[in-house]
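Good morning, and thank you for making time for this presentation. I shall go through the structure by topic, beginning with the salt bridges. Please have the sequence and the model in view.

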Amino acid sequence: MIQKTTIWKVSTVLLGIGLVSVLMYGCPSQTEMLDTGDAAQRVYVAPGEYDEYYAFLSGGYSGQLSVWGLPSGRMFRNIPVFSQDPESGYGYSEETKPLLMTSYGFIPWDDSHHPELSLTNSMPDGRWMFINANNTPRVARIDLTSFETVETLELPNTGGNHASTFATENTEYIIGATRFSIPYDMDMDVPIDTYSENFDGSLSFIGVDDETGEMSMDFQILMPPYHYDLGRAGKGPSADWVFFTTYNTEEAHTLLEINASEFDKDYIVAVNWKMAEEYVREGRAETVPAEYYHNMKDENTSVAVSNVHDEVLLLDPRDAPDMIYFLPTPKSPHGVDIDPTGEYIVGGGKLATVIPVHSFSRMLDAIDNDAFEEIINGIPVLEYESTIVGEVENPGLGPLHTEFDGDGHAYTSVYISSEIVKWSLETFEVVDRIDSYYSIGHLMITGGDTPNPDKRYMLGLTKTSRDRFLPTGPKQLHPAQLYDISGDRMEMLLDFPTIGEPHYAQTIPADQIRDNVKQIYDLDANNHPHAVKRTADARVERDGDVVRVYMTNIRSHFTPDNIEGIRVGDEVHFHLTNIEQDWDMVHGFAIKGSNSAEVLIAPGETKTIVWHPQRTGIFPFYCTAFCSALHQEMQGYVRVSPADTDVPLTWRTGED
Ligand code: RUQ
Ligand code: CUA
């Protein structure tokens, strides 16, 4: 049976931190001991030179994904994903708005946590990046030739998609899960204190087309009403499995900080996805109603389109034997990480006093020997002793996430005691520790989640910078620290502010992406229904109250540039085609009084912004990107007349 003793109340844990941290750490942090005097040189990337790695940092509550170079710590790009971005017009332009559609309507913001590169043989292949939306559960796909979000998919019957996005060996699936259990039927209206009876957990398996990357909500697995926190796919011998952490196996629905911390063990969930897939193929999954949106940029027109689905396949473990198991794990585990060999399954017991390490091969033996403590909703609970191979002692307080260097070591971020702890996968002993500044969440090692890590750099993503940088008011940016891990001891090289709140990051050697990146959108291949590819085709058309302006942009001119005959109450669509075919030759568009954003239009691209003129007058519009010596001249006027005006619709193209 599960031991249901209350060891600590969280409040006690928190009060005890000061004392415990003094008592627990025999080995002091080593920042003072190492001379990292040449650190600057080791992160210096000379002007005009390229970084060795791309690093992709999640935006957390910004909903975005930022792109950085390592080791320099220079930021290259902020890619809008789940939040509107007035700087680029993402989520404001007609082409991108559908990407933010959900069954709850248009959602302009979300919380993006865990980016994941697409994988081939468990190694990043540089094709796509996936990232989750935590709040209104979704996953997104970013095309790494354009660095643009091209697809979003809503997860039905899910409350908070946190254990996402992690990919199986060849990106067969991206996984997701419900962080907050809710009634599986999302529209069910029940008292909250019927939690145990009416609430459920669910795990999601999102298929990814190997050719196109297109995602599909392939099936879900019905789970007990626990919280499913993080996930990871196995690799090597464990590649057919995915793993999730749970907390709140207490099934609390109020005062979770106390009530979900009672049991001394929760679980890691092990799912054989190959077997689940087979059960689904055999027809063992039930088709259940579920409304969700699938939004994708049409390859041909570059306009995103929404499709609404109304059902999903649901697999109940009671009908799918031998597919899923619970591994007892201390205590409210957060991260679950798989070592490069695929043998070790490391939990991040955020309230545990040890880092628990399970063995995959022992797990298989335990399954063969029916070493079960009990069976919950058709899911056998394996005996703790049957799978555990190590408990790392003195890991610090609040171990969260672990990555690996491929050289027999694991590195765990430790939140409360604010440090990174390096330990041996052979002896399960701590061999080094280093301070983080301050309160580290995730960490990332170059290739540290793959079968073949680069024992080069480690990035610590910390929650608060406090006194580290010049102060900027009560709210500071969240910092990151770069460490050199190539030697025996970790060395800090760099400490720099990031944007948003990066929860996790991915890296890939730069040459795996660099040469595939598009420099322009090919104008000949632009099949946007409202594109104009030649200045001579620029025009304005009225259809009732809808006016369409087919406008070209090229240094240093908008065509047309004077428009008259627009009326108060019109709905004016500016269809802007940037007819440049030069790398990075971007134009912007903004018009006075517009209740929207500007739009930036990349070379060869068409973007549309809608404007509702509300009063009469002369409205200047202009290019917002300093594109040329005559950028200031890149402007025009719209004349707006009363609703009942007889001013005819005219425009000037420079030809007349
Ligand atoms: S979670 S630390 Cu999504 Cu660990 Cu952020
Ligand atoms: Cu175009 Cu400035």
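**Salt bridges, backbone and binding spaces**

The side chains of Arg456 and Glu52 form a salt bridge, with a distance of 2.6 Å from N to O. This contact joins distant parts of the chain, since 404 residues separate the two partners. Arg456 sits in the loop between β30 (440-445) and β31 (457-462), and Glu52 sits in the loop between α2 (39-43) and β1. I should say at once that this is a predicted model.

How accessible are the two partners? Arg456 is partly exposed, with a relative accessible area of 29%. Glu52 is likewise placed in the partly exposed class, with a relative accessible area of 36%.

Let me stay with Arg456 for a moment. Which residues does Arg456 touch, leaving aside those up to four places away in sequence? They are Glu52, Tyr53, Thr446, Tyr483, Asp484, Ile485 and Ser486. One of these contacts, Asp484, also belongs to a network of salt bridges, in which it is linked with Asp38, Arg42 and Glu491. For a sense of scale, the C-alpha atoms of Arg456 and Asp365 are 35 Å apart in space, and these residues are 91 apart in sequence.

The loop between β30 and β31 takes part in another salt bridge, through Lys455. The side chain of Lys455 meets that of Asp407 at 3.3 Å, again from N to O. Asp407 lies in the loop between β26 (399-404) and β27 (409-414), and the pair, 48 residues apart, also links distant parts of the chain. Their accessibilities fall into separate classes: Asp407 counts as partly exposed at 45%, whereas Lys455 counts as buried at 19%. The cut-off matters for Lys455, because buried means under 20% relative accessible area.

A local example is offered by Arg281 and Glu277, whose side chains meet in a salt bridge at 3.5 Å, N to O. Why can these two be described as about one helical turn apart? They are 4 residues apart in helix α5, which covers residues 273-281, so about one turn separates them. Arg281 is exposed, with a relative accessible area of 58%, while Glu277 is buried, at 19%. For the model as a whole, the count of salt bridges comes to 31.

I turn now to the backbone. Where do cis peptide bonds occur? One of them joins Tyr437 and Tyr438, with omega at about -15°. Tyr438 lies in the loop between β29 (430-435) and β30. Another cis peptide bond joins Thr559 and Pro560, and here omega is about -5°. Pro560 is located in the loop between β37 (557-559) and β38 (562-567).

Positive phi values in residues other than glycine also deserve a remark. Asp322 has phi near 65°, and this residue lies in the loop between β18 (304-315) and β19 (324-329). Ser332 has phi near 50°, and its place is the loop between β19 and β20 (333-338). Are these residues buried or exposed? Asp322 is exposed, with a relative accessible area of 51%, but Ser332 counts as buried, at 2% relative accessibility.

Next, the ligand. Which residues surround ligand 1? The shell consists of His113, His114, His162, His334, His401, Gly441, His442, Lys463 and His503. By class, this shell holds no nonpolar residues, 8 polar ones and 1 charged one.

Finally, the largest pocket. It contains about 1400 Å³ of space. Its lining is made up of 39 residues, and those closest to the centre of the pocket are Phe76, Arg77, Phe147, Trp583 and Asp584. Which elements give two or more residues to this lining? They are β1 (53-58) and β3 (74-79). Of the elements, β3 gives the most, with 4 residues. The lining divides into 18 nonpolar, 9 polar and 12 charged residues.

To close, I would return to the place where we began. Arg456, in the loop between β30 and β31, is bridged to Glu52, and its neighbour in that loop, Lys455, is bridged to Asp407. I would be glad to take questions on any of these sites.

How values were computed
Residues are numbered from 1 along each chain as its sequence is written. Chains are lettered from A and ligands numbered from 1 in the order in which they are written. This is a predicted model: local features need pLDDT of at least 70, side-chain atom pairs count only at pLDDT 80 or more; totals for chains, interfaces and linings use all residues. Side-chain values use heavy atoms; hydrogens and water are left out. On a 1 Å grid over the protein atoms alone, a cavity is a set of points where a 1.4 Å probe fits but cannot get out, and a pocket is an open set with protein on both sides within 12 Å along at least five of seven lines; lining residues have an atom within 4 Å of a point. Grid points are joined across faces, edges and corners, and a volume is the space filled by probe spheres set on the points. Ala, Val, Leu, Ile, Met, Phe, Trp, Tyr, Cys and Pro count as nonpolar, Asp, Glu, Lys and Arg as charged, and the others, Gly among them, as polar. A residue is near a molecule or strand if one of its heavy atoms lies within 4 Å of it. A salt bridge is a side-chain nitrogen of Lys or Arg within 4 Å of a carboxyl oxygen of Asp or Glu. Buried means under 20% relative accessible area, exposed over 50%, partly exposed in between (1.4 Å probe, protein chains only). Contact means heavy atoms within 4.5 Å.
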